[in-house]
Amino acid sequence: MTRLTADEYRTLIVRALEDAVDANTTEPDLRRLFTPSSHRLALAPDVTVVKGARGTGKTYWAKALTDPRLREIAAASYLMPRLRRVEIATGFAADRTANAAYPTKRVIARLTRDDDFDPVDFWFMIVLMALQVPEIAAIGGWSERMSWVRENPDALDDALQEADDAARSAGTTRVLLFDALDHLHRDRTQADKLVSGLLEVALELRLTTSALRAKIFIRPDMYDSAPKKFADASKLTANTAELTWLRENLYGLFFHQLGNYDGPGAAEFRATTGSWRDEGGGRFIAPTDVIADQTRQEAVFGDIAGPYMGTDRRKGLTYTWVPNHLQDGKEEVSPRTWLYSLREAAADSAERYAGHEFALHYDAIRASLHGAARIRVEELTEDIAWAVAAVGKLEGGEVPMEPSVVIAHWNQGGLSAVLQELVKDSGQDGPEDDGGSGPRKPDDLFAVLEELIDIGVLTRRLTTGAIDLPDVYRLHFNIGRRGGVSRKKS
């Protein structure tokens, strides 16, 4: 079969990635589901805590696990037959349905204002609702259900034991999924208490039952800041996994999307990159080297983008340059940002560099970073809106900046007042989707600076202590860097 031309490659990339970059609205599906090697442990039923930065796949996997067909793919890909013997229920998520086992954010805000509110009672109520325990499901309101949990500890234990016995007799594990914990409460202190209560309940299920498990998808900074003063809290460490995207995982994802596109070019791409395995239903699995071997991946990507980010190696290698410029301060790359950048580079190459010998022109790749930065900031805004507000106050400046200069920008821009405004209504019934909880100490700008470094939005240079900003955020806010990728001109 003939090799794809540069123009055919551009068309394939643009069309194959059209839905993939819409990660927030596109559900995981049979063809596009990719199983990175680094995510295997996160799906194990006995792993309680799955840590991942914004955009690394927490919600994606939480949704995929609820679909028996996609669980089967994961079970086969990860050689994890136990995934075939699980029953999944959702204990918290962003896209709540009318009959969900958990209340809305507004209801949670009201419940936490009760002097008798106990986060542990709250989560045990959710667990019983997710397990469809008749005694609590029959009660009419969330406050009344919490009262039942508080006043009937023996009945609570009996209900859990019955559910555990039933699952064990059926040979299944009942896994309760908890996602989007950024949106539990707008006040960070309350959010931390709620997360702490959830961790305590999850650990108790782990230690006292054999077939009931909680799986908690959470940002690392939220996990770290939640108090862990309950008994045996250290045992959570042994049941923790992280969602990370290695460079070969990112390229494997890209090639998987091209090979599984239902349209022109996909078959030719598969034919020129090795022997893909047909799994039926339009799903194909790439050869191991295409999704796991960096040397092979560099060769495949070189056919698409050329070897260099210019006319020779002095400008950098395309294989390493692209992911390096899309990573945040924790060296994490959002898959959605990654695919968006490649798609934009293909579209721009078709428009401005149609005669180029490779599908992706190096200048188009550079230009695509600006759109990718916008996508990344949109992701950040959904969960950590206060971080976007803080970085926005640095607009027009240039990094690296001394910490004192950052604080001066924030004082001049009135950041403290902005942060206080973001969280002042935390005790009220706020909107359901308001950009997550606030910073731990909104009135302490030095603490805000440290928290932004902790979550990878800002970085600190080891040699000088100066504050820097990854390109994937910097370019969106029109912030310069000496010797870096240029800001987009108006």
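This is a short talk on three spots in one structure: a charged patch, a buried serine and a glutamate in a helix.

Good morning. A reminder before we start: this is a predicted model.

Let's begin at the surface. Which residues form the negative patch? They are E135, D154, D157, D158, E162 and E204. Now look at where they come from. Helix 8, residues 153-170, gives the largest share, with four residues.

Take D157 from that patch. D157 sits in helix 8. Its relative accessibility is 42%. Buried means under 20% and exposed means over 50%, so D157 falls in between and counts as partly exposed.

Next, helix 17. This helix covers residues 362-383, and S368 is in it. Is S368 buried or exposed? S368 has a relative accessible area of 3%. The cut-off for buried is under 20%, so S368 is buried. What does its side chain meet? The side chain of S368 makes a polar contact with the side chain of S341, at 2.7 Å.

Last stop, helix 3. That helix runs over residues 68-77 and holds E72. E72 has a relative accessible area of 34%. That value lies between the two cut-offs, so E72 is partly exposed. Now bring in R84. Along the chain, E72 and R84 are twelve residues apart. How far apart are their C-alpha atoms? The separation is 6.3 Å.

To recap. Helix 8 supplies four residues of the negative patch. S368 is buried and contacts S341. E72 is partly exposed, with its C-alpha 6.3 Å from that of R84. Thank you.

Notes
Residues numbered from 1 in each chain as written. Predicted model: local features only at pLDDT ≥ 70, side-chain atom pairs only at ≥ 80, totals over all residues. Heavy atoms only, no water. Patch = residues over 30% accessible without salt bridge, like charges linked within 9 Å, V, L, I, M, F, W, Y side chains within 5 Å. Areas by Shrake-Rupley, 256 points an atom, 1.4 Å probe, with all protein chains shown as cover. Salt bridge = Lys/Arg side-chain N within 4 Å of Asp/Glu carboxyl O. Lys, Arg positive; Asp, Glu negative; His and termini not counted. Charge placed at Lys NZ, Arg CZ, Asp CG, Glu CD. Helix = DSSP H or I, 4+ residues; strand = E, 2+ residues; numbered from the N terminus. Buried < 20%, exposed > 50% of the residue type's maximum accessible area, 1.4 Å probe, protein only. Polar contact = N/O pair within 3.5 Å; in protein donor to acceptor, adjacent residues only side chain to side chain.
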